[in-house]
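Good morning, and thank you for making time for this presentation. I should like to take you through one structure, and I ask you to keep the display in view as I speak.

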Amino acid sequence: MMRLPKNQEPLPGNGINPQFSKIFFLMLDYVIDANVVFSGLISGNPKDLGLASGNHVYLPDFALAELQVHQEVVWKKTKQRPDELKQFALAFFKKATVVPNMLISLSSYRYAFELCKDVDPKDMTYVALAIEFGYPLLTRHKPLANGLRATGFTNVTLLGEIIGQ
């Protein structure tokens, strides 16, 4: 996990000083949720997937089920030709680690349940993985990020906060 110099103030939400956030975006590990995956696949922009040189993303295997359910939306909305989307998706999954649920501890799930129950229970698995690994949860879902922050969980970052959307 990344450590900031002692004189640096953390930025609420991702633990990074604003002046360094774009630099550190290039060097962090993130847990990403399905919203990030969908938008990245639709846009074809690696930054929309939280990918930049030097960082790595993790997602729970649950994300694959969500992708399966919403694949028609991705195909309809994509700005890429079918062959480009296939290549882009394969390149993304080559850089992403899909984590089986069995690797997420019960204590992480319990804590995530408490954080998400009044915010968005569907996102509990993503939050549990972020807790388990200690990596920031990267999302495009503002109500989730704001709701988690309101509970005191600040290890969550909106994609737009780090790529300037």
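Let me begin with a definition: a residue is called buried when its relative accessible area is under 20%, exposed when that area is over 50%, and partly exposed in between. I should also state at once that this is a predicted model.

With that cut-off in hand, please look at helix α2, which spans residues 34-43. Eight of its 10 residues are buried, so this helix is largely enclosed by the rest of the structure. The buried positions in α2 are Ala-34, Val-36, Val-37, Phe-38, Ser-39, Gly-40, Leu-41 and Ile-42. At the N-terminal end of α2, Asp-33 acts as the cap, with a side-chain oxygen 3.2 Å from the backbone nitrogen of Asn-35. After the helix comes Gly-44, which has a positive phi, near 80°.

I turn now to the sheet. In what order do its five strands lie? The order is β3-β2-β1-β4-β5, in an open sheet with parallel pairing. The edges are taken by β3, residues 96-99, and β5, residues 156-158; each has a single partner strand, so one side of each is left without a neighbour in the sheet. On average, and with direction ignored, neighbouring strands of this sheet are turned by 35° against each other.

Consider next the pairings of β1. Strand β1, residues 29-32, runs parallel to β2, residues 56-60, and three bridges join the two. Within this pairing, Asp-29 has His-56 in β2 as its bridge partner, and Tyr-30 has Val-57 in β2. Two helices pack on this sheet. Helix α5, residues 82-95, touches β1, β2 and β3, and its direction makes about 70° with that of β3. Helix α7, residues 124-133, touches β1, β2, β3 and β4, and its direction makes about 130° with that of β2. As for β4 itself, two bridges join this strand to β1, again in a parallel arrangement. The bridge partner of Val-31 in β4 is Leu-137.

My last topic is the aromatic residues. How many aromatic pairs does the structure hold? There are five, and I shall discuss two that share Tyr-58. In one of them, the rings of Tyr-58 and Phe-133 have their centres 5.4 Å apart and their planes at 90°, so the pair is edge-to-face. This pair links distant parts of the chain, since Tyr-58 belongs to strand β2 and Phe-133 to helix α7, 75 residues apart. Are the two partners buried or partly exposed? Tyr-58 is buried, at a relative accessible area of 15%, whereas Phe-133, at 29%, counts as partly exposed.

In the other pair, Tyr-58 and Tyr-135 have ring centres 5.3 Å apart and planes at 25°, so the pair is stacked. Here too distant parts of the chain are linked: Tyr-58 lies in strand β2 and Tyr-135 in the loop between α7 and β4, 77 residues apart. Both of these tyrosines, Tyr-58 and Tyr-135, are buried. Taken together, Tyr-58, Phe-133 and Tyr-135 form one aromatic cluster.

That concludes my presentation, and I welcome your comments.

Definitions and conventions. Residues are numbered from 1 along each chain as its sequence is written. Side-chain values use heavy atoms; hydrogens and water are left out. Two strands pair if DSSP finds at least two bridges between them. Helices (H or I, at least four residues) and strands (E, at least two) are DSSP runs, numbered from the N terminus. Axes are lines fitted to C-alpha atoms, for helices over the stretch in contact, and angles run from 0 to 180 degrees between N-to-C directions. Contact means heavy atoms within 4.5 Å. Rings of Phe, Tyr and Trp (its six-membered ring) pair if their centres lie within 6.5 Å; planes under 30 degrees apart count as stacked, over 60 as edge-to-face and the rest as tilted. Buried means under 20% relative accessible area, exposed over 50%, partly exposed in between (1.4 Å probe, protein chains only). A polar contact is a pair of N or O atoms within 3.5 Å; within protein, one must be able to donate a hydrogen and the other to accept it, and residues adjacent in sequence count only if both atoms are side-chain atoms.
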